[in-house]
Amino acid sequence: MKHHDEWHLDRIKEECGVVGFYVPGEEVARLAFFGLFALQHRGQESAGIAASDGGKVRMFKDMGLVSKIFTEQILDGLPGHVAVGHTRYSTSGGSEQRNAQPIFCVTVVGEMAVAHNGNLTNSAELHAELRAVGQKFETDADSELIAVLLMKYMELGIDEAVRRTMAKIEGAYSVAVCMEDRLIGFRDPFGVRPLSLGRIGEGWMLASESCAFDPVAARFERDLMPGEVVVVDSTGLRSFLTDGSTRGNMCLFEFIYFARPDSVMYGTSLYQARFRMGSALWAEHPVEADLVVPVPDSGIPAAIGFAQASGIPFGEGMMKSRYIHRTFIQPDQRMRELGVRMKLSPLRQNIAGKRIVLVDDSIVRGTTTDQIVRMMRENGAKEVHVRITAPPIEHPCYYGIDMASREQLIAANKTIEEIREHLGADSLGYLSVDGAMDAVGIGERRFCNACFTGNYPIQVSSTFDRDGIAKGVVGEMATVRSGQGLLEVE
Ligand code: AMP
């Protein structure tokens with residue numbers, strides 16, 4: 001049995017992207033490839049595609065980037081008009097082939113492959129309960145848990161199987177399922193992780209973000225509602241809402257950093273939202289300076305917003321290598337530090353002698369920002385004023401964004417003045433939580449902003465010990481809850 005800390009290391013560091021297709025008469029594995037390619041920023045560790053020709057679900061998955069994994073030959077081996085794809089990110093522990101997705105299984109109504117983005121908060125209990133009734137698991141992935149539940153309930157019919165599965169699982173999930181003859185998509189009742197629906201020819205497409213629609217010439221239709229289920233088959237698309245749905249707690253951090261700026265969520269362009277966050281940052285933390293410098297690429301829209309609102313010129317202060325991927329991929333701290341140098345090089349002539357406003361999306365551990373501030377100074381910046389569009393990140397995310405443990409979060413352990421000092425900046429200003437939400441401007445819709453406020457909209461189960469993650473407490477995993485039959489269907 002796994003110990004508590006291993007369990008968490010394996011499990012909580014997941015960020016993923018999913019796509020799904022049902023397009024009559026098309027070979028959709030190729031479309032899934034290009035869809036995943038557009039979602040590569042959501043996960044760079046492993047990827048997979050499962051496709052069905054109406055009679056058989058075939059799957060290929062491996063470690064690495066989407067472009068490295070798939071070849072013409074592999075895609076040719078995945079025929080059919082139904083498909084799901086998945087790209088997964090993880091920084092440690094669970095970085096193993098067996099945790100790659102989709103997860104394949106055989107149900108009473110045929111073969112099935114499940115792709116999941118998010119993080120379940122009651123998976124330890126569910127695993128324990130299922131194991132207690134003899135269920136074997138091959139992976140630690142939440143998607144296997146979802147697949148097993150769907151499989152168990154499938155004899156009640158597909159709609160009921162999804163309903164019952166959703167009633168059992170808690171947490172954040174946006175799921176795409178490829179069945180032999182249909183595509184299913186569903187989103188948790190809090191709508192924490194995104195999932196969009198698009199039209200493609202005579203068919204339908206699902207994607208974590210709308211930026212995946214453009215490359216395959218799909219048209220954005222709408223976001224799935226929190227708690228919504230869509231089923232696409234030869235009769236077309238139908239949708240229903242599950243109980244307790246539409247509460248709506250969309251992840252604010254998707255808007256600030258995680259999703260691509262060319263995506264649209266809840267009718268809001270993420271680029272525009274980030275631009276407005278930049279203007280709001282100026283309103284909340286004005287400063288006299290000569291040049292507004294973005295940390296590329298994530299800080300660019302906000303820096304432009306800051307520059308326009310303040311009237312301070314916008315200019316580039318560093319170049320980013322296009323061929324280095326996120327430094328977050330590097331698992332250890334030393335590599336992460338090297339990563340910044342490998343990724344960003346200074347434009348000395350632009351910054352020397354100037355008072356710089358350095359705009360970035362977020363400070364998590366603080367390792368990136370302090371190196372960039374140093375780089376600015378070493379290259380002659382007279383002053384460096386750091387402005388950050390994410391409010392201070394003080395709490396871990398249990399819903400599928402890798403935010404590190406509380407121990408590693410700089411804002412959980414230092415005051416803003418101490419962080420400024422640590423960064424070696426002349427001043428430091430974070431956008432307020434209200435400022436960030438107003439900038440997104442999706443009205444009365446509610447967000448999950450737990451990483452900033454500690455207000456977790458979905459209860460984190462007792463076995464998901466919050467401090468245990470930070471402190472690496474070792475203990476036995478969940479014990480089986482007595483007297484509670486998990487499954488109505490065996
Ligand atoms: P840090 O050095 O830990 O403060 O990293 C902060 C930088 O990493 C930010 O400026 C972001 O560009 C990026 N970042 C923030 N959150 C994440 C995340 N969950 N996954 C990957 N990259 C992130």
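Here is a short chat about the ligand site and one residue, Val295, in this predicted model.

Me: Hi! How many residues surround the ligand, and which are the closest?
Reply: Hi! There are 18 residues around the ligand, and Val364, Arg365, Gly366, Thr368 and Asp402 are the closest.

Me: What kinds of residues are in that shell: nonpolar, polar or charged?
Reply: A mix! The shell has seven nonpolar residues, five polar ones and six charged ones.

Me: Which residue has a polar side-chain atom 2.9 Å from an oxygen atom of the ligand?
Reply: That one is Thr367. The ligand's nitrogen atoms have partners too: one lies 3.0 Å from an N or O atom in the side chain of Tyr257, and a nitrogen atom is 2.8 Å from a polar backbone atom of Asp402.

Me: And how much of the ligand's accessible area does the protein cover?
Reply: On its own the ligand has 490 Å² of accessible area, and the protein covers 95% of that.

Me: Which elements give two or more residues to the shell?
Reply: Those are helix 8 (252–258) and helix 13 (367–378).

Me: Okay, new topic. Where does Val295 lie?
Reply: You'll find Val295 in the loop between strand 17 (291–294) and helix 10 (300–310).

Me: Is Val295 buried or exposed?
Reply: Val295 counts as buried because its relative accessible area is 5%, and the cut-off for buried is under 20%.

Me: What is Val295 in contact with, leaving aside its neighbours within four places in sequence?
Reply: Its contacts are Ile300, Met318, Leu344, Leu358, Val359, Asp360 and Ile372.

Me: How far apart are Val295 and Thr368?
Reply: They are 73 residues apart in sequence, and their C-alpha atoms are 9.9 Å apart in space. Thr368 is also one of the closest residues to the ligand.

Methods
Residues are numbered from 1 along each chain as its sequence is written. This is a predicted model: local features need pLDDT of at least 70, side-chain atom pairs count only at pLDDT 80 or more; totals for chains, interfaces and linings use all residues. Side-chain values use heavy atoms; hydrogens and water are left out. A residue is near a molecule or strand if one of its heavy atoms lies within 4 Å of it. A polar contact is a pair of N or O atoms within 3.5 Å; within protein, one must be able to donate a hydrogen and the other to accept it, and residues adjacent in sequence count only if both atoms are side-chain atoms. Accessible areas come from the Shrake-Rupley method with a 1.4 Å probe; for residues, only the protein chains shown count as cover. Helices (H or I, at least four residues) and strands (E, at least two) are DSSP runs, numbered from the N terminus. Ala, Val, Leu, Ile, Met, Phe, Trp, Tyr, Cys and Pro count as nonpolar, Asp, Glu, Lys and Arg as charged, and the others, Gly among them, as polar. Buried means under 20% relative accessible area, exposed over 50%, partly exposed in between (1.4 Å probe, protein chains only). Contact means heavy atoms within 4.5 Å.
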